[in-house]
Amino acid sequence: LTVSLPAALQPHQPFQIIVRYTTADGPAIWWLDPELTYGNAKPFVFTQGHSVCNRSFFPCFDTPAVKCTYSATVKAPAGIQVLMSATQSSYLEEEGVYQFYMEYPVPAYLVALVAGDLIHADIGPRSRVWAEPCLLPTAISKLSGIVERWLTAAESLYGPYIWGRYDIVFLPPSFPIVAMENPCLTFIISSILESDEFLIIDVIHEVAHSWFGNAVTNATWEEMWLSEGLATYAQRRITTETYGAAFTCLETAFRLDALHRQMKLLGEDNPVSKLQVKLEPGVNPSNLMNLFTYEKGYCFVYYLSQLCGDPRHFDSFLRAYIEKYKFTSVVAQDLLDSFLNFFPELKEQCVESKAGLEFERWLNATGPPLAEPDLSQGSSLTRPVETLFKLWTTEPLDSVAAASSVDLTKWRTFQTVLFLDRLLDGSPLPHEVIKKLSECYSSQLDSMNAEIRIRWLQIVVRNDYYPDLYKVRRFLENQMSRMYTIPLYEDLCTGTLKSFALEIFYQTQNQLHPNLRKTIQQILSQGLNPLPAIDTTAVTTDTPAMVLEDKVSEATNGAISLRDVNVSA
């Protein structure tokens with residue numbers, strides 16, 4: 001859209017442009033029929049602007065380099081609650097009209113709207129939780145009182161929380177990512193409510209974005225690590241303050257394991273492993289989001305903090321950085337120049353040019369992080385995982401008695417998923433091992449949260465362990481979320497169980513959002529001629545005939561699990 005200004009307009013003279021427009025279906029706006037909500041009562045709509053989708057929502061400068069305030073007027077039917085990422089709101093009940101105003105400048109991708117059958121409860125002096133009525137009691141029980149604790153810890157580290165309220169809205173399972181840091185109103189997928197430790201980490205990560213990403217934003221999508229790496233570092237400082245260093249080290253070990261797994265899949269020379277990624281024309285920046293953005297970025301920030309000698313000195317620097325650049329957008333050089341100016345003794349030592357750890361190399365070299373954090377403070381939690389993993393993977397398998405005595409129900413969630421991820425990396429396992437694993441742990445895992453169960457079910461699939469396949473069917477029949485369906489369908493279609501996957505999809509497709517349905521169709525369509533003939537009569541009924549869409553685009557690399565890529569936004 002090009003607008004020609006009148007010749008008589010003086011330089012710097014204010015002017016107004018009015019654009020009248022309507023939107024069609026676009027990537028930012030997700031419409032849900034009642035059947036795709038938990039309550040099955042009312043339709044639902046939400047927007048997801050990150051990273052360049054909001055241009056389909058409203059006319060905007062869709063770049064993180066440009067920030068502005070905004071106001072919005074939304075009319076909705078009676079009984080539909082409307083929320084936006086705004087500091088002020090009001091409702092005219094007679095007219096069914098909501099008014100919103102964001103008083104601080106934000107980039108376009110942080111403008112967000114949600115509307116549906118939502119009710120709220122206060123969970124702190126400046127926080128409330130919004131959810132469908134059937135989910136609200138669970139959300140309250142999980143978060144009441146502790147969000148304020150996280151906000152207070154963050155303020156003690158990085159200065160005042162500047163957005164006024166910190167509210168959370170839980171969205172239906174069609175929400176395409178885990179969480180999104182929309183200012184004043186974090187969006188988070190309801191599916192995560194059953195996984196307490198993942199809920200804690202994901203919400204604290206979004207709290208950290210209030211400083212790193214929302215207040216100070218990366219000016220270009222080629223440097224997303226400026227938001228994600230700093231937010232991940234801040235998240236771990238907050239969890240250390242509130243839950244202790246051991247828990248933080250355990251979560252970090254789990255994520256770094258996932259980073260190295262992705263490194264093996266992509267190759268060390270893959271350009272997407274750079275912190276400063278080259279964004280080619282026509283490429284959606286969201287395609288560049290991966291664990292390097294988060295974890296390699298975190299490792300660089302952690303390395304900077306270690307140069308200071310004391311993390312509290314680095315906290316002081318970050319407070320000054322936020323104060324200097326809040327409500328603006330920055331590039332990496334702004335951060336690094338500010339760092340060296342804040343610590344002149346480090347500048348004198350030329351730490352930016354230290355052999356093998358040069359700042360430029362951190363930013364532009366492919367491959368794993370140049371240095372990783374010392375996680376020894378988490379050894380009380382990680383050592384039992386390593387011991388149990390060795391018992392199950394050391395031949396000959398003569399330690400089953402010792403291994404089977406371990407009660408996984410007493411472990412933290414991150415310990416269990418770390419153990420299962422390592423078994424998953426080693427799959428396929430010898431048949432005797434997978435058989436004994438199932439005998440020891442399958443019934444324990446059945447009662448655990450979805451983050452744990454999906455990993456065990458992926459192990460079942462990758463090892464073609466037919467006695468537990470019925471659990472895969474049962475899981476997929478009750479899941480409508482991308483993060484709990486895509487990894488299993490990818491694994492089912494990589495091996496010999498594609499006809500089993502087709503049958504489940506045929507039976508469940510109507511409960512899936514059209515976007516998710518299309519993604520699964522793309523996965524199922526790969527190498528469809530011909531389907532391998534296998535005997536699944538022990539665990540399935542006859543596979544119904546099924547026709548996929550004639551034209552589907554190429555699916556993404558199935559080897560890279562979605563849960564390993566989009567941790568949260």
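**Figure 1. The surface and overall form of the chain.** The chain exposes about 24200 Å². Carbon and sulfur atoms supply 52% of that exposed area. The model shown is predicted. Its C-alpha trace spans about 80 × 60 × 45 Å along the principal axes. A compact globule of 569 residues would have a radius of gyration near 25 Å, and the chain agrees because its own value is 25 Å. Buried residues account for 56% of the 569 residues.

**Figure 2. Helices, strands and contacts along the chain.** The chain holds 19 helices and 14 strands. How many of the contacts between residues at least 6 apart in sequence join residues at least 24 apart? The share is 73%.

**Figure 3. Charged side chains.** The chain carries 44 positive and 64 negative side chains. Where do the centres of the two sets lie? They are 1 Å apart.

**Figure 4. An open sheet of 5 strands.** The strand order is β8-β9-β10-β12-β11. The pairing is mixed. Two strands form the edges: β8 (119-124) and β11 (179-180). Each edge strand pairs on one side only. Strand β9 covers residues 127-131 and pairs with β8 in the antiparallel sense. That pairing runs over 5 bridges. One residue pair can be picked out here: H120 has W130, in β9, as its bridge partner.

**Figure 5. F187 and its surroundings in strand β12.** Strand β12 spans residues 185-189, and F187 lies in it. Is F187 buried or exposed? With a relative accessible area of 0%, F187 is buried, because buried means under 20%. Which residues does F187 contact, leaving aside its neighbours within four places in sequence? Among them are F46, T47, A112, L113 and V114. The contacts also include V169, L171, F175 and V178. A179, M180 and N182 are in contact with F187 too. F170 is 17 residues from F187 along the chain. The C-alpha atoms of F187 and F170 are separated by 6.2 Å.

**Figure 6. Helix α8 and what covers it.** Helix α8 runs over residues 332-342. Which of its residues are buried? They are A332, L335, L336, S338, F339 and L340. Other helices help to cover these buried residues, including α4 (225-243) and α6 (291-307). The cover also includes α7 (311-325), α9 (344-348) and α10 (359-364).

Note on methods
Residues are numbered from 1 along each chain as its sequence is written. This is a predicted model: local features need pLDDT of at least 70, side-chain atom pairs count only at pLDDT 80 or more; totals for chains, interfaces and linings use all residues. Side-chain values use heavy atoms; hydrogens and water are left out. Helices (H or I, at least four residues) and strands (E, at least two) are DSSP runs, numbered from the N terminus. The radius of gyration is taken over C-alpha atoms; the globule rule is 2.2 Å times the number of residues to the power 0.38. Buried means under 20% relative accessible area, exposed over 50%, partly exposed in between (1.4 Å probe, protein chains only). Contact means heavy atoms within 4.5 Å. Accessible areas come from the Shrake-Rupley method with a 1.4 Å probe; for residues, only the protein chains shown count as cover. Lys and Arg count as positive and Asp and Glu as negative; His and the chain ends are not counted. The place of a charge is taken as NZ of Lys, CZ of Arg, CG of Asp or CD of Glu. Two strands pair if DSSP finds at least two bridges between them.
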